[in-house]
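Trainee: Hi, do you have a minute to go through this model with me? I'd like to ask about a few spots as they come up.

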Amino acid sequence: MVLLWQLLTANHVDFWLNFTKLPGPADVLAEFEAQLSNGTYYQNLLASMERILLGFGLATVTGVVVGIAIGRSRVAAGALRPLIEVARPIPAIALVPLAILLFPTSEQGIVFITYFAAFFPVAVSTIHAMKTLPNVWEEAARTMGEIEAGGTGACP
């Protein structure tokens, strides 16, 4: 595949697809090596990782909290589950124009899009985990809570 890419770009093929302005694999590799020797590459990589990890971290925390609330409470499930199911099918890439309008910096927009993309899988997985939790484990947790709270230790 790389050989085909090199042949198409080296010969400036302009048939069905236009390869006249596309750099070849050798050009891409040379530029990548130049970027690796430059310190800004690593600064940009670190900044991107910070944005992604912040968005994913926020989505993980809120997704787990919302998932536990929905899995444990019928009231929370009735209030939040329909909202989740309405917003879940929206692709994160569709929110790019909205993020550009809402957030003054690209940093915040990237964190928002990452958050949106990660929130729903985390929340839905937590909801399913709560629903498949064996009753014995839930009863054991309640019993342990009674003991820690200074109760008699008897099962509720």
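Trainee: Let's start with F116. Which residues does F116 touch, leaving out those up to four places away in sequence?
Mentor: With those set aside, F116 touches A87, I90, A92 and L95. Keep in mind that this is a predicted model.

Trainee: Okay, and which residues in the largest nonpolar core touch the most other members?
Mentor: F116 is one of them, alongside V66, I70, I84, F119 and F120. That core has 15 residues.

Trainee: Which helices each supply at least two residues of this core?
Mentor: Those are α3, α4 and α6, the last of which covers 106–131.

Trainee: And which of them gives the most?
Mentor: That's α6, with seven residues in the core.

Trainee: Switching topic: how do the axes of α2 and α3 cross?
Mentor: Helix α2 (residues 25–37) and helix α3 (residues 39–72) have axes that come within 4 Å and cross at roughly 85°. The two helices are therefore roughly perpendicular to each other.

Trainee: Which residues meet there?
Mentor: From α2 you have F32, Q35, L36 and S37, and they meet G39, Y41 and Y42 in α3. By type, the residues of this contact are four nonpolar, three polar and no charged.

Trainee: What about α1 and α2, at what angle do they cross?
Mentor: Roughly 105°, with the axes of helix α1 (residues 2–10) and α2 coming within 8 Å. Angles of 65 to 115 degrees count as roughly perpendicular, so that word applies to α1 and α2.

Trainee: Who makes that contact?
Mentor: On the α1 side V2, W5, Q6 and T9, and on the α2 side P25, A26 and V28. Here the split is five nonpolar, two polar and no charged.

Trainee: Where is H12 placed?
Mentor: H12 lies in the loop between α1 and α2. Take a look at its backbone too: phi of H12 is near 50°, a positive value in a residue other than glycine.

Trainee: Now F103, where does that one sit?
Mentor: F103 is in the loop between α5 (96–102) and α6.

Trainee: Which term fits F103, buried, partly exposed or exposed?
Mentor: Partly exposed, because the relative accessible area of F103 is 25%, while buried means under 20%.

Trainee: What is F103 in contact with, beyond neighbours within four places in sequence?
Mentor: F103 is in contact with Q108, G109 and F112. As for M49, which is 54 residues apart from F103 along the chain, the C-alpha atoms of the two are separated by 19 Å.

Trainee: Last topic, confidence. What does pLDDT average over the protein?
Mentor: The average is 87, and 93% of the residues score at least 70.

Trainee: Which elements have the lowest and highest mean?
Mentor: Helix α7 (residues 135–148) has the lowest mean pLDDT at 73, and helix α4 (residues 74–87) the highest at 95. Over residues 147–156 the pLDDT is below 50, and that stretch has seven contacts in the model beyond near neighbours in sequence.

Definitions and conventions: Residues numbered from 1 in each chain as written. Predicted model: local features only at pLDDT ≥ 70, side-chain atom pairs only at ≥ 80, totals over all residues. Heavy atoms only, no water. Axes fitted to C-alpha atoms, helices over the stretch in contact; angles between N-to-C directions. Parallel < 35°, antiparallel > 145°, perpendicular 65-115°, else oblique. Contact = heavy atoms within 4.5 Å. Nonpolar A, V, L, I, M, F, W, Y, C, P; charged D, E, K, R; others polar. pLDDT = per-residue confidence, 0-100. Core = buried A, V, L, I, M, F, W, Y, C linked by side-chain atoms within 4.5 Å. Buried < 20%, exposed > 50% of the residue type's maximum accessible area, 1.4 Å probe, protein only.
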